[in-house]
Amino acid sequence: MLRASAGSIQFTSVYECTTPNAPYAYLIEIDGVRILFDCGWNDEFDTSFLSKLKPHLPTVHAVVLSSPHITACGALPFVLSHISPGTFVAAAGGTSKVGVHSVLHSFLYQYPNSHTFTLADGEAFTMTVDSIYHSFRSLREPYGGKVTVKNGDVEVNCLAVFAGRMLGGYSWIIKYQIDELFYCPDFSVKPSYALKPFDVPTTANIVLASSFPFHMTGSNRTTKYEEQLKNLFKEFQHTLRGGSDVLVPVNVAGRGLEVLNIIVHLLAEQGGDKYKVVLVAAQAQELLDKAGTMTEALQDYLILDDKRLFANVLTCRSAEEVLPIQGPKICVADGASLDFGPSAELLEYFVKGNRDGADHLIVLTEPPLPGTNAAVVTAAADGERLHMQITRRSRLSGEELEEYYIELEHEMEQRRRELEARSAFQIVQDDDEAATVKGEENDDDDDDDGECATAATGHRGATEKAAACAGAKDAVAASKAKAATTLGLVLPPPLHYHSKHLSFPVLETTSTLSAAALKRVDVTYGLPVSEEEQVLLQKRAPARQHSDAGPEALQVENDAQRLANIPSKVSRVAVQVNRRCRVVLSDLSGYPDALTMKSVLKTKWTFAKKIVGLRGSAEDGRAFLHFCRADKAMKCGSNVFSTTSCGVPLELATHVYSYAVQLESSLARSLSRGLRRVRETKSKSTWEVGWVNGELSGVRAEADLEEQEMQRRRSDRAIYSLASVTADKSQACATQREQRGLQSGSFFVGDMDLRRLRETSRQESGLYSEFHKKAPLLVFDEGVCVRKGADGTVTISSIATPALFDLRRTVYRQYSQAL
């Protein structure tokens, strides 16, 4: 028996994610390899999500991020402080570039430069601006888009695929043996002016995709996407020609950049490029600069164009910088909920209308969430009095700034004392300092001798005091001998760092340096580091820094980080204003609707054996299941699952095995009459292949039912043989063929040259294979196994994957039946 699939594939939803706006995190365990896909947090920074995430972190072997949105990567600083040292944390380059701004913006709009969160178990977690930057700098970009995660003999490969909805948004193909999983929590198939289209993989046998599109019919279901954009431009044109401004609240570090690109192209195509477009975010210019470097996601004409992406867009950091800009203008402001951020600070200006009586326009790109200011403004009538609360951030000045620095100084002093209390450092003095100290010690010795002499001559019973002075001298001499140090770097064992990821091993101590000195090893600059210690240091060292601007821009702290660290305060402000604006809801989220989702399922994922719905409610899961069960094109049938409950593992293993089958002698002799000669397409060679009716029988040991301890280990406990069908079983054979959809026979056999098959499949289909060392077996990378028996018969074993069909077409071009 040859193991062909994973013994166990467990899928666990860490959070209870039932809406598109909720954070999500999923744990996938494949034969002991535990990979955490995404670690989201909401923009309210609810600590209940951290409590659910914490128990899974110490045992994960890798963390992989798929989206730069805060709902997918918001808890990354918390994750890095709780995973084991050396755990592989990876994300595509675009994800790490944009993700740091997504988390940082939401944090800065609601908290000062640092904040301590308290979990349900009492643990305190402090998040700062520097910790957010450090977390995303620690992400490793997969070499060639591929991440390899190992645990023992098990090796799982993950490949990134651009998902098409936003800059930095990716899906992941997970491969192990013949199993292929496709993890796609967020994608879009709608056309884009700047982003490359989503090339949906079709070879996965297990699909993990979002199910919430089944309840999204769209506000304009009968209207095409292009018509929606034209209607949106008409709203823009009507407002701008009247001298008013337009506010588009979005999450800038996410879908917001794509919304900005849509607006810019609409104005350019319709002749409205004379109007100003302003991007308002805490780090707007840094985001636009990074967007132009993401060539892996941008269309070719933008890469080859001399004009920089978003060259005509103005950038502002706060609402105070926007108001002086002369209108009419379109403001794409950060903060989709209008509760915090620049969009909330501009809310009062846009709601109360223009001085001339004209109404401003607020365009919502997604349906507003209940309880937010966006929902309040949308539900209010014209002229209604609105009472809202917004969060405003402002810099410290005067006495507040002075108190801030005094408090910071106290904290640093307290931290220094804690470090000093934990460990005692020995400092090697220079020659000048040593001479000075020696002179002072000699003076002290003279004083001590004088005191002892005076004591001896001044009193008759001075013998005891003299003995005491002698004992004191011996103690001083012992302390001096103890303080002597060896040249080189001496690190005491009880050394503690701020982060356990930087807890380097103690390489040099007094004993090791002394032992090296006895061996006459030069220890002036420390001990040489062994290969084992080098490997350990490389695992625990921080990730290397990369910069697109060259070595001169390679630094741990950049200007954007310094600006984000400016001392500031956050306050809640009450806003009361009469509604004098127009509000338009236009679907620019990029999410697929129900019809689009069904089309993707029928055209791209028909071969999937199991499908799991992500980020959807129980009703979405039922709609998902009903469609897959009713549509005949879907091979999964009823194997559709939803992840509405958190913490409950779901078993997804397909349990596919490959067995060697011996042909009965009577059937082997009759094969020549049933086989046909088939000529290859690109050569003159011919193969003899065909279908036969046979009965598979054999003896199977009970031990075969148990899982193998080691994968791909051969077992001879099962013996199978293929014999001719007897007359009394011919009707049962025909019934079975009808149930399986076969017409010519129940088994496909043939005679061919494995070496020629290897070359032909590589040249025609791009399928690479290797010969087994101990058996006439050709093993393909996609999990298809071709075995040639002693009597010349050949069997092909695999699950129904496109790779099997490609190989089958190579063997027999005219065959069209399904296995």
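In what order do the 6 strands of the open sheet with parallel pairing stand? In this predicted model, the order is S16-S15-S17-S14-S18-S21. Strand S16 (314-316) and strand S21 (581-585) occupy the edges; each has a single partner strand, so one side of each lacks a neighbour in the sheet. From one strand to the next, the twist averages 20°. Helix H6 packs on this sheet and touches S14, S17, strand S18 (360-364) and S21. The direction of H6 makes about 160° with that of S18. Within the sheet, strand S15 (residues 276-280) and strand S17 (residues 329-334) run parallel and are joined by 5 bridges. In this pairing, Lys276 of the one strand stands opposite Lys329 in S17.

The protein chain as a whole contains 26 helices and 35 strands. Of its 819 residues, 44% are buried. Among contacts between residues at least 6 apart in sequence, 73% join residues at least 24 apart. The surface exposed by the protein chain amounts to about 41,600 Å², of which carbon and sulfur atoms supply 50%.

Two residues illustrate the surroundings of H6. Glu235 is found in this helix, which spans residues 225-241. Glu235 is partly exposed, with a relative accessible area of 27%, a value that falls between the limits of 20% for buried and 50% for exposed residues. Apart from residues up to four places away in sequence, Glu235 touches Leu361, Arg582 and Val584. Arg582 lies 347 residues from Glu235 along the chain, yet the C-alpha atoms of the two are separated by 9.9 Å. Asp245, by contrast in setting, is found in the loop between H6 and strand S14 (246-250). Asp245 counts as buried because its relative accessibility is 2%, under the 20% limit. The side chain of Asp245 makes a polar contact with the side chain of Tyr349, at 2.9 Å. Beyond residues up to four places away in sequence, Asp245 touches Thr239, Gly327, Pro328, Lys329, Tyr349, Phe350, His360 and Leu361. Leu361 is thus touched by Glu235 and by Asp245, while Lys329, another of the residues touched by Asp245, is the residue opposite Lys276 in the pairing of S15 with S17.

A further open sheet of 6 strands has mixed pairing and the order S6-S5-S4-S3-S2-S24. Its edges are formed by strand S6 (88-90) and strand S24 (650-651); each of these has a single partner strand, so one side of each is left without a neighbour in the sheet. Strand S4 (residues 33-37) and strand S5 (residues 62-64) run parallel, with 3 bridges joining them. The bridge partner of Leu36 in S5 is Val63.

Strand S33 (residues 777-780) is covered on both faces. Leu777 and Val779 lie on one side, and Leu778 and Phe780 lie on the other; all are buried. S33 runs antiparallel to strand S32 (residues 769-771), to which 3 bridges join it. Phe771 stands opposite Leu778 in S33. S33 is likewise joined by 3 bridges to strand S34 (residues 785-788), and these two strands also run antiparallel. Val779 has Cys785 in S34 as its bridge partner.

Ser568 lies in strand S20 (residues 568-578) and is buried, with a relative accessible area of 9%. A polar contact of 3.5 Å links the side chain of Ser568 with the side chain of Arg393. Leaving aside neighbours within four places in sequence, Ser568 is in contact with Pro112, Asn113, Arg393, Ser394, Arg395 and Leu396. Arg393 is therefore one of the residues in contact with Ser568 as well as its side-chain polar partner.

A search of the whole structure finds 0 disulfides. Why does Cys331 form no bond with Cys316? The sulfur of Cys331 is 7.8 Å from the closest cysteine sulfur, that of Cys316, which is too far for a bond; a disulfide requires the two sulfur atoms to be within 2.5 Å. Cys331 is buried, with a relative accessible area of 0%. Cys17 is also buried, with a relative accessible area of 1%.

Notes
Residues are numbered from 1 along each chain as its sequence is written. This is a predicted model: local features need pLDDT of at least 70, side-chain atom pairs count only at pLDDT 80 or more; totals for chains, interfaces and linings use all residues. Side-chain values use heavy atoms; hydrogens and water are left out. Buried means under 20% relative accessible area, exposed over 50%, partly exposed in between (1.4 Å probe, protein chains only). Helices (H or I, at least four residues) and strands (E, at least two) are DSSP runs, numbered from the N terminus. Contact means heavy atoms within 4.5 Å. Two strands pair if DSSP finds at least two bridges between them. A polar contact is a pair of N or O atoms within 3.5 Å; within protein, one must be able to donate a hydrogen and the other to accept it, and residues adjacent in sequence count only if both atoms are side-chain atoms. Axes are lines fitted to C-alpha atoms, for helices over the stretch in contact, and angles run from 0 to 180 degrees between N-to-C directions. Accessible areas come from the Shrake-Rupley method with a 1.4 Å probe; for residues, only the protein chains shown count as cover.
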